[in-house]
Every structure is written in structure tokens, then in C-alpha cells.
Amino acid sequence: MDTMDLYRHAQDGFDAVLAAVRDDQWDTPSACTEWSVRDVAGHVVWGQRQLRAWATGEDYAETAGAPGAPHPAVLAGADPVETWRAALVGALTDEELGRPVSLPGLGEIPVAGIVALLTTDLAAHSWDIGSAAGQDVRLPPELVAVAFAWARANAVRRPGFFGPELVPPAGADEQTRMLAFLGRRVSVSHSGGNHR
């Protein structure tokens, strides 16, 4: 899969997890410190809007959904699923993918690099939301592989970004190992390695 195909795959997975959240679960605490499920949804909406701005060269001054923001839920709106779907970034041109962006901790990278970052973000946050909502989230192996590779090369460990790497449970699968690397504590109840 190319960069955008994989990104769309990650978007589809996130959409399925988000759509399965019950109305009474939006304010449930998530694996992201101090963020509820609705906060995580708002952060991901922010990422889509920020990506669109970077790709087109427009200014996007909103910071409520940035990593470490105190309450990204404000960006999720009354209907987080519809807000997310309205924010989705579809195809990007080669010119847009090549546009340079400067990011703290990562330096200057092309928008294609941002797409890889957000692919990892979508994978992790699919699990964050799903696990908080009692879903058994199984990420596609190709998405886990790309997210894990990106994280190993680029993870910024500081408050508001990624937490400290955790030791995965004995016999953990690649998804659990990737999530532990990103600071997620995964309880594994075998058989089958289900994530709760």
C-alpha cells in the first residue's frame, strides 16, 4: 500500500471504532492521560484539520486539539462521529504531499511524513478509544508494522506526546508490543491476545 492507501485504511479503522462508541461512553477516561474518549476524538479531528491546512498551505491557528491540550473534546462537537467524518482528509496530490512542514521535535518534513505520523496516531487512538469503550480492537498487521516503524524512528517522549515505553506482557503480539512502546498499558487475556 502507498502512503495514502495506508492512511485511508487507518481512517476506516478509526471510523469503525468511533462509530461503535455508545452515547454513554464519550466521557469515559481513555488511555491518554487526562483525556476522555471525546477528548481523543477531538484531538483526531484537530489532526485532520491541521493536515488539510498543511497540505494546502493555509493557516490553522486552532490549538485546542494539539498534543497535550487540556480539553480537545470541544472539537468533537455534539456528534463526534459526524464531526470526524466531516473533517476527513481524502486524497492529497503529489504537490501537497511534498509541501514542507516544520514540526517541533521532528524538524522540517514533507506532508507525506505528517501522513505517516497521523497513520500512527490513528492506529494508537483507535485502540485508545476502543479499549476505553470495551471494544476488542485488532489493528491490521500492515498498519501495526508501519506505525511501529514510525514510532521507533520518531516518537517524542514528553508530556502531551508519547509516554515512556512500557514492557509488554510475556508472549505479546506485535500490536501489544507497539502499543507498549507508545506507552499504552495493555492487559492481555489469552487465548487469542484479546485487548480489553
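# Getting to know a predicted chain

The accessible surface of the chain comes to about 9300 Å², and carbon and sulfur atoms hold 53% of that area. The model is predicted.

Colleague: Let's start with the basics. What pattern does the chain follow along the sequence?
Modeller: Well, there are seven helices and four strands to place. Read along the sequence, they give the pattern α-α-α-α-β-β-α-α-α-β-β.

Colleague: And what is the radius of gyration of the chain?
Modeller: The globule rule gives 16 Å for 196 residues, and the chain comes close to that, so it is as compact as a globular protein of that length. As for the box, the C-alpha atoms fill roughly 45 × 35 × 30 Å along the principal axes. The radius of gyration itself is 16 Å.

Colleague: How much of the chain do buried residues make up?
Modeller: To count as buried, a residue needs under 20% relative accessible area. Of the 196 residues in the chain, the buried ones make up 48%.

Colleague: Take contacts between residues at least 6 apart in sequence. What share of them join residues at least 24 apart?
Modeller: A contact here means heavy atoms within 4.5 Å. Among the contacts at least 6 apart in sequence, the share that join residues at least 24 apart is 62%.

Colleague: What about charge: how far apart do the centres of the positive and negative side chains lie?
Modeller: There are two sets to look at, 15 positive side chains and 25 negative ones. Their centres lie apart by 6 Å.

Colleague: Now helix 3. Why are its buried residues on the same side?
Modeller: Helix 3 runs over residues 80-87, and its buried residues are Pro80, Val81, Thr83, Trp84 and Ala87. Around the axis they cover only a limited arc, which puts them on the same side of helix 3. In general, an α-helix has 3.6 residues a turn, so residues three or four places apart point the same way. For helix 3, the arc is 165°.

Colleague: Which helices do those buried residues pack against?
Modeller: Pick out the buried residues of helix 3, Trp84 being one of them. The partners they pack against are helix 1 (3-19), helix 2 (37-56) and helix 5 (111-132).

Colleague: Helix 5 keeps coming up. Is Leu118 buried or exposed?
Modeller: Leu118 is found in helix 5. Leaving aside neighbours within four places in sequence, Leu118 is in contact with Tyr7, Gly47 and Leu51. Its relative accessible area is 8%, and the cut-off is under 20%, so Leu118 counts as buried.

Colleague: What separates the C-alpha atoms of Gly130 and Ala20?
Modeller: Gly130 lies in helix 5 and counts as buried at 0% relative accessibility. Along the chain, Gly130 and Ala20 are 110 residues apart. Their C-alpha atoms are separated by 8.3 Å.

Colleague: Which residues is Gly130 in contact with, leaving aside neighbours within four places in sequence?
Modeller: One of them, Val137, has its place in the loop between helix 5 and helix 6, and Val137 is buried at 7% relative accessible area. Put together, the contacts of Gly130 are Val17, Gln135 and Val137.

Colleague: Where is Glu34, and is it buried or exposed?
Modeller: You'll find Glu34 in the loop between helix 1 and helix 2. Glu34 is not a glycine, although it has a positive phi of about 70°. Its relative accessibility is 73%, and the exposed class starts over 50%, so Glu34 counts as exposed.

Colleague: Last stop, Pro168. Which residues does Pro168 touch, not counting those up to four places away in sequence?
Modeller: Pro168 has its place in the loop between helix 6 (141-154) and helix 7 (174-181). Pro168 is partly exposed, with a relative accessible area of 28%. The residues Pro168 touches are Thr176, Arg177 and Ala180.

Key. Residues numbered from 1 in each chain as written. Predicted model: local features only at pLDDT ≥ 70, side-chain atom pairs only at ≥ 80, totals over all residues. Heavy atoms only, no water. Helix = DSSP H or I, 4+ residues; strand = E, 2+ residues; numbered from the N terminus. Rg over C-alpha atoms; globule rule 2.2 N^0.38 Å. Buried < 20%, exposed > 50% of the residue type's maximum accessible area, 1.4 Å probe, protein only. Areas by Shrake-Rupley, 256 points an atom, 1.4 Å probe, with all protein chains shown as cover. Lys, Arg positive; Asp, Glu negative; His and termini not counted. Charge placed at Lys NZ, Arg CZ, Asp CG, Glu CD. Arc of directions from axis to C-beta.
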